[in-house]
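User: Hi! I'm new to this one, could you walk me through it?
Analyst: Happy to, let's have a look together.

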Amino acid sequence: MEFIKHAYCRVRDTRYVAKDHYQRWQCYLVPELKFRLLAALFVLMFSHAEAYDPLDPTGNITIKWDIMSWTADGYVATVTINNFQLYRGIASPGWILGWNWAKKEIIWSMVGAQATEQGDCSKFKGIVPHCCKRNPKISDFLPGVPYNQQFSNCCKGGVLASWGQDPTTSVSAFQVSVGLAGTSNKTVKLPKNFTLLGPGPGYTCGPAKKVPSTLFLTADRRRRTQALMTWNVTCTYSQFLAYKNPSCCVSFSSFYNNTITPCPSCACGCQNKKNCIMSDSKLLHQAGINTPKKDNTPLLQCTHHMCPIRVHWHVKLNYKDYWRVKISITNFNYRLNYTQWTLVAQHPNLNNVTQVFSFEYKPLLPYESINDTGMFYGMKFYNDLLMEAGPLGNVQSEVLLQKDKNTFTFKHGWAFPRKVYFNGDECMLPPPDSYPFLSNSAFANPIAISTVAASIFLLGLSLW
């Protein structure tokens, strides 16, 4: 009996232990597994969604390689960078394109661009290659290079305009002679791990993919030729990868309210607060204060928002059938000016823009049924350059819009934009409850009030 008792106790203890393990598995392991699965699913979804731009859903930068001829140990290719983004360009100091060679390829020579580093070419005797690195980085030439080093659409310092602003200046190209590579379509190995800095981080490039060979027309346009081999690389932009904080902010004001709604405090992060400079500082008169740094470190004017760019939207005037808005863009960075800048605004009344003063304007129609987004940019040789912070560091314009009587109102902040982008990056808006509000007496009729007052006065005289 004692043996049976001990056996029963061991079985019972085993069941309790098993039950205890099961409860611990339910309490700790299951939630942990659920958390890990949800986290992995979130990362997977976010990684695909972060490069999606709702206002430019098909925007990208496409890098095309066209092999034009074979050489004794490789090929000569034309590399073309096309910016197909509607309102996002690449500003100075320009793009830097990188990749990894699939084998042990080298670059014998280049026209229209250059590798930033040559690498170790000590094993070559006689003719030394232009670049021997396994992961070359290529940058555009600056304007004014000798004619024999130029190539079509090259030598702009890596600056690319947006496709919507100027398609002719949204392309860059160079020629590269590759050695120790394949000499036929079957033996050529496509480069991999492409990177694009424009000029900083933010772009993610996919793998190179073979596509049908590019067709070319001769100068007399009577003969058509084609590349021996072509592949494309597509790069998309994500603001989350480019910046930890917004790079611009928006402030509001109106004629019907004396309140000015400023940019939110620390809208662009206050990490540069210790290194900012006051607008009346004597340091601004020092030589070289406006010289950019190699790492593009900004020198910002001390403000409560600490943003390099502020966009101000002022509801200026109200007419019977129209209303007028004044837009001002101010640069607070003493080390950077903006060439070929763009400003995108989303507002329901942009479907009926009557006139834009001092800026160029182009409606953006990512979805054909919705016309509420427009792009503003500077007039060439007039205000397409936004100067560094200071007296000249601002551009401004006015916009005249026709009212739609079914939707127009000044109430509830309707007159202010829903979204604002500067150079392709979304700006931080003030909280909606801080917008300039419309008081009940803002549009009171003075004639009606004076008439009522006179009537009351006459009535009083008659009774007296």
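**Cysteines and their links**

Analyst: Cys270 counts as partly exposed (20% to 50% relative accessible area, with buried under 20% and exposed over 50%; 1.4 Å probe, protein chains only), because its relative accessibility is 28%. This is a predicted model, where local features need pLDDT of at least 70, side-chain atom pairs count only at pLDDT 80 or more, and totals for chains, interfaces and linings use all residues. Residues are numbered from 1 along each chain as its sequence is written, and side-chain values use heavy atoms, leaving out hydrogens and water.

User: Which cysteine is joined to Cys270?
Analyst: A disulfide (a pair of cysteine sulfur atoms within 2.5 Å) links Cys270 to Cys266, with 1.8 Å from S to S. Cys266 is partly exposed too, at 37%.

User: How many disulfides are there?
Analyst: The structure has 8. One of them pairs Cys248 with Cys427, with the sulfur atoms 1.9 Å apart. The torsion about that S-S bond is about -95°, so the disulfide is left-handed.

User: Are Cys248 and Cys427 buried or exposed?
Analyst: Both Cys248 and Cys427 are buried.

User: What about Cys276 and Cys302, how far apart are their sulfur atoms?
Analyst: They form a disulfide at 2.0 Å. Its torsion is about 95°, so this disulfide is right-handed.

User: And why does Cys131 have no bond to Cys132?
Analyst: The closest cysteine sulfur to that of Cys131 is in Cys132, but at 6.6 Å it is too far for a bond. Cys131 counts as buried because its relative accessibility is 1%.
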